[in-house]
Amino acid sequence: MHVSELNLAVNISVGDGYLQDNGQKQLMFIFWGIIMPIIGIIGFIGNILNIIVLFRMEMKSTTIYFLRTLVVTDTGIIIGCIMGLSSVSITQLYPENPGMVHFTDVIYPHIYTPVNCIVMTLQFINVWVTVAVAIERYISICHPFTTVHICNKRNAFILIGSIIFIAVGYNIPRWFGTTVTACDNKTDCFSIVTTDLGKTEGYEQYYAVYAYMVIIYIIPLVLLSILNTLLIKELMRIRRRRSVPTPNENIETNMSIVLVLIVVVFILCQTPGLVAQFWFLGQDVLTKWLCVSNTLFALNASVNFLIYTAVGRKFRHVLLKTFKHVCSQRRSLNQNGSYSHNGGTEMTKLTNKQVYDSEDITDETCTLKCKR
């Protein structure tokens, strides 16, 4: 299997040797066994908060539909990285431990292909949804008069659905590129082997190397760089043109700034993965580079919450509203408990008043702000 497919693969060959045999186990453990789980846990918590906010009824725009898809794929990528990289890097550091041996010899060979294929599919969706939302923001800011006809809910759903359909179809061959076989001289032992399909030139060279490099890295990174540059120039021009922008311009500008930062982080985190597609680095350097690039791959899936909370005004508003609503419900429940000795009638009145006031006032405030 070629190294260009190496997003989650550890127990695979590079040339005539294996990654585990090149003396880089400790480096793998530091990056994939320590740094990546820390990033992943923080990112997973942040993405759960992203899901809570982005799927609220207040968050309605075509851009939000793309961001919802991104946060779902980001969460899946984090889980896949921890399952496929963090777990096996820990087992490689302690190969004599019976539990580690069972994971390496039995569990990992069976989960490698499905986990790798799922994460590669999620990566495809994540990359091209990022491109799609960049195009949507470019049209909204640079060509506002065509926004109504192009940037609408129907077209957003069609585009997202098309990306998912193509991603699944494109990654079907990966399910048949590797398989699991029993070890010759050991019981309860399995190994990952390349199938006849995986050994063909069409799979090894054109599908696993060239197509992957062009579709996942080169075209998206070039498009995102161009769109981001044009978007930044237009935002600067709008700022110079109007000293006091309209409320709608403020909303669009803020959303565009959020996207610009997401794209910048995406480019910074994904570019090292493009470099890892080339063999000129050499095996030792390549392994070290993969430790860094795959960690950045997980980082990219974990940092969007920080961007949303730092820059996105509406996101912060809805997040605070959600927490206030949860706190008011808990406070109401506590007060209900303390007043329960007064009888059912008074408790019911107290509950109705508090829940009604908190929910109604907050929703009305948000509605007014969203309409302005």
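Helices in this text are DSSP runs of H or I with at least four residues, numbered from the N terminus. The exercises below concern a predicted model.

**Exercise 1. Placing Ser256**

Find which helix holds Ser256, decide whether Ser256 is buried or exposed, and list the residues that Ser256 touches.

Solution. Step one is the location: Ser256 belongs to helix α8. Step two is the accessibility, where the cut-off for buried is under 20% relative accessible area; Ser256 has a value of 0% and is therefore buried. Step three is the surroundings: when residues up to four places away in sequence are not counted, Ser256 touches Arg137, Ile141, Leu231 and Leu235.

**Exercise 2. Two partly exposed positions**

State where Val264 and Tyr94 lie, and how far each is from a residue distant along the chain.

Solution. Begin with Val264, which is placed in helix α8. With a relative accessible area of 32%, Val264 falls between the limits of 20% and 50%, so this residue is partly exposed. Ser225 stands 39 residues away from Val264 along the chain, and the two C-alpha atoms are separated by 8.4 Å.

Continue with Tyr94, which is found in the loop between α2 and α3. Its relative accessible area is 46%, and Tyr94 is therefore also partly exposed. From Tyr94 to Lys25 the C-alpha to C-alpha distance is 9.8 Å, although 69 residues separate them in sequence.

**Exercise 3. Classifying aromatic pairs**

Classify the pair Tyr206 and Tyr210 and the pair Tyr212 and Tyr217 as stacked, tilted or edge-to-face.

Solution. A pair of aromatic rings is described by the distance of the centres and the angle of the planes. The structure holds 10 aromatic pairs. For Tyr206 and Tyr210 the distance is 5.8 Å centre to centre and the planes are 55 degrees apart, which makes the pair tilted. Both residues lie in helix α7 (residues 201-241), four residues apart, about one turn of the helix. Tyr210 itself is partly exposed, at 41% relative accessibility.

For Tyr212 and Tyr217 the ring centres are 5.7 Å apart and the planes stand at 80 degrees; since over 60 degrees counts as edge-to-face, that is the class of this pair. Tyr212 is buried at 1% relative accessible area, and Tyr217 is buried at 2%.

To complete the picture of the rings, note that Phe124, Tyr170, Tyr203 and Tyr207 form one aromatic cluster, and that the charged end of Arg68 sits over the ring of Phe55, 5.0 Å from the ring centre.

**Exercise 4. Describing the nonpolar cores**

Identify which residues touch the most other members of the largest nonpolar core, and which element gives the most to this core.

Solution. The largest nonpolar core has 46 residues, and those that touch the most other members are Leu54, Phe66, Leu67, Leu224, Tyr308 and Phe315. Elements giving two or more residues to this core include α1 (25-54), α2 (62-93), α3 (98-142) and α11 (313-338). The element that gives the most is α7, with 10 residues. A second, separate core has 14 residues, among them Ile77, Ile78, Phe297 and Ala298. For the chain as a whole, buried residues make up 45% of the 372 residues.

**Exercise 5. Setting an annotation beside the model**

Compare the annotated residues 65-91 and 286-311 with the helix content and end distances in the model.

Solution. The unreviewed UniProt entry carries the annotation "transmembrane region" for several spans, including residues 65-91 and 286-311. In the model, residues 65-91 are 100% helix and 0% strand, with the end C-alpha atoms 39 Å apart. Residues 286-311 are 88% helix and 0% strand, and their end C-alpha atoms lie 36 Å apart. The chain has 12 helices and four strands.

**Exercise 6. Judging where to read in detail**

Which elements have the lowest and the highest mean pLDDT?

Solution. First take the average, since the chain has a pLDDT of 78 and 80% of the residues score at least 70. Among the elements, strand β1 (residues 13-14) has the lowest mean, 34, whereas helix α5 (residues 153-170) has the highest, 94. The pLDDT is below 50 over residues 1-22, a stretch with 75 contacts in the model beyond near neighbours in sequence. Residues 339-372 are also below 50, with 22 such contacts. Where pLDDT is low, the predicted coordinates should not be read in detail.

Notes: Residues numbered from 1 in each chain as written. Predicted model: local features only at pLDDT ≥ 70, side-chain atom pairs only at ≥ 80, totals over all residues. Heavy atoms only, no water. Phe/Tyr/Trp six-rings, centres within 6.5 Å; stacked < 30°, edge-to-face > 60°. Buried < 20%, exposed > 50% of the residue type's maximum accessible area, 1.4 Å probe, protein only. Lys NZ or Arg CZ within 6 Å of the ring centre and 35° of its normal. UniProt positions renumbered as here; feature names shortened; annotations may be inferred. pLDDT = per-residue confidence, 0-100. Contact = heavy atoms within 4.5 Å. Core = buried A, V, L, I, M, F, W, Y, C linked by side-chain atoms within 4.5 Å.
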